[in-house]
Amino acid sequence: LNPDRSWRELTHVIHRWREPMTKPRPLPRPDLWLTIDRAATCRGLPGIYEQVRDAFWKAIDEGRFPGIREAPATP
């Protein structure tokens, strides 16, 4: 919202897409697993994204449905 509480352009987009985006629908099962290592970065989500970014978008371009899982913890 704007400071005067009026809607911003993006607010209209969110309002338009709220129902289609939240409507219950079947979720495909991943056909490719990408493994992340949370301990390999202190940068949170941006650091994790950098670990899988290229492989994730390559899979999407190939029409696949990637899933993300965490590497097993090492003692």
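**Exercise 1. Determine which residue of strand 2 stands opposite isoleucine 36, and describe the pairing and the crossover.**

Solution. Isoleucine 36 stands opposite glutamate 70 in strand 2. Strands here are DSSP runs of E of at least two residues, helices are runs of H or I of at least four residues, and both are numbered from the N terminus. This is a predicted model, in which local features need pLDDT of at least 70 and side-chain atom pairs count only at pLDDT 80 or more, while totals for chains, interfaces and linings use all residues. Residues are numbered from 1 along each chain as its sequence is written, and side-chain values use heavy atoms, with hydrogens and water left out.

The next step is a second pair: threonine 35 stands opposite arginine 69 in strand 2. Strand 1 and strand 2 (residues 66-70) pair in the parallel sense over 5 bridges; two strands pair if DSSP finds at least two bridges between them. Between these strands the chain passes through helix 2 (residues 44-61), giving a β-α-β crossover that is right-handed. Right-handed means that, with the strands pointing away from the viewer, the path from the first strand over the helix to the second runs clockwise.

**Exercise 2. State how confident the prediction is, and where confidence is lowest and highest.**

Solution. The measure is pLDDT, the predictor's confidence in each residue, from 0 to 100. For the chain the mean pLDDT is 92, and 97% of the residues reach 70 or more. Confidence is lowest in helix 1, at a mean of 92, and highest in strand 1 (residues 32-36), at 96.

**Exercise 3. Compare the expected span of helix 1 with the distance between its end C-alpha atoms, then locate its kink and judge its exposure.**

Solution. The expected span of a helix is 1.5 Å times one less than its number of residues. For the 14 residues of helix 1 this gives 20 Å, and the end C-alpha atoms are 20 Å apart, which agrees. A kink of about 35° lies at arginine 16, shortly before proline 20; the bend at a residue is the angle between axes fitted to the seven residues ending there and the seven starting there.

For exposure, buried means under 20% relative accessible area, exposed over 50%, and partly exposed in between (1.4 Å probe, protein chains only). The number of buried residues in helix 1 is 1 of 14, so this helix lies largely in the open. Glutamate 19 lies in helix 1 and is exposed, because its relative accessible area is 55%. Glutamate 19 and proline 3 are 16 residues apart in sequence and 26 Å apart in space, C-alpha to C-alpha.

**Exercise 4. Carry out the span comparison for helix 2, and name its buried residues.**

Solution. The 18 residues of helix 2 should span 26 Å, and the end C-alpha atoms are 25 Å apart, which agrees. A kink of about 55° is centred on valine 52. In helix 2, Gly47, Ile48, Val52 and Ala59 are buried.

Beyond this helix, arginine 64 is found in the loop between helix 2 and strand 2. Arginine 64 is partly exposed, because its relative accessible area is 32%. The C-alpha atoms of arginine 64 and proline 46 are separated by 22 Å, with their positions 18 residues apart along the chain.

**Exercise 5. Describe aspartate 4 and arginine 5 in the segment before helix 1.**

Solution. Aspartate 4 lies in the segment before helix 1 (9-22) and is exposed, because its relative accessible area is 59%. Its side chain makes a polar contact with the side chain of serine 6 (2.5 Å). A polar contact is a pair of N or O atoms within 3.5 Å; within protein, one must be able to donate a hydrogen and the other to accept it, and residues adjacent in sequence count only if both atoms are side-chain atoms.

Arginine 5 has its place in the segment before helix 1 and counts as exposed, because its relative accessibility is 64%. Phi of arginine 5 is near 75°, a positive value in a residue other than glycine.
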